[in-house]
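Here is a short walk through one protein model. Keep the sequence and the 3D view side by side as you read.

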Amino acid sequence: MPGNSAGNTFRTTARLDALEPDTPMRRTAATVEFGTPDRGRVRLTVNGHRIAVPEPVAVSLADLTMGEQIAAANVFPGVPAERATCTAQGLARIGLLEVAA
């Protein structure tokens, strides 16, 4: 993941720790492969790393076009804003999302 040589890794991490539900997020240029839904979860491969996310999160990510923004609280539809924001933080930490503003 880029950032270590750019000197802003800690600043980026701190910014993610302060994420609010209304913080605008956007997809990064990370390579993402979407698997088939299985029992409410979808396996994603992000920059070669495999993760599983709830199906509503996968749908949100698949619908998000490059440059389009989504509030952190909307990344995981149907759950409380706090949980959705934590999901957005995790996805940002693996390089799939970034703070848009």
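**From an exposed loop to the strands**

Arginine 39 has a relative accessible area of 79%, so this residue counts as exposed. This is a predicted model. Arginine 39 sits in the loop between strand S2 (32–34) and S3. Its phi is positive, about 55 degrees, although arginine 39 is not a glycine.

Move on to strand S3, which covers residues 41–46. Arginine 41 belongs to this strand. Its relative accessibility is 39%, so arginine 41 counts as partly exposed. Arginine 41 also helps form a positive surface patch. The other members of that patch are Arg43, Arg50 and Arg83.

Beyond S3 comes another loop, which leads to strand S4 (49–54). Asparagine 47 lies in that loop. Here too phi is positive in a residue other than glycine, with a value near 50 degrees. Asparagine 47 has a relative accessible area of 42% and is therefore partly exposed.

Now turn to strand S1, residues 24–27. In a regular strand, side chains alternate between the two faces of the sheet. S1 has a covered face with Met25 and Arg27. Its uncovered face holds Pro24 and Arg26.

Which strands pair with S1? One is strand S5, residues 69–71. The pairing is antiparallel and runs over three bridges. Within it, arginine 26 stands opposite glutamine 69. Strand S6, residues 97–99, also pairs with S1. This pairing, too, is antiparallel, with three bridges. There, arginine 27 has leucine 97 as its bridge partner.

Terms used: Residues numbered from 1 in each chain as written. Predicted model: local features only at pLDDT ≥ 70, side-chain atom pairs only at ≥ 80, totals over all residues. Heavy atoms only, no water. Patch = residues over 30% accessible without salt bridge, like charges linked within 9 Å, V, L, I, M, F, W, Y side chains within 5 Å. Areas by Shrake-Rupley, 256 points an atom, 1.4 Å probe, with all protein chains shown as cover. Salt bridge = Lys/Arg side-chain N within 4 Å of Asp/Glu carboxyl O. Lys, Arg positive; Asp, Glu negative; His and termini not counted. Charge placed at Lys NZ, Arg CZ, Asp CG, Glu CD. Helix = DSSP H or I, 4+ residues; strand = E, 2+ residues; numbered from the N terminus. Buried < 20%, exposed > 50% of the residue type's maximum accessible area, 1.4 Å probe, protein only. Pairing = 2+ DSSP bridges.
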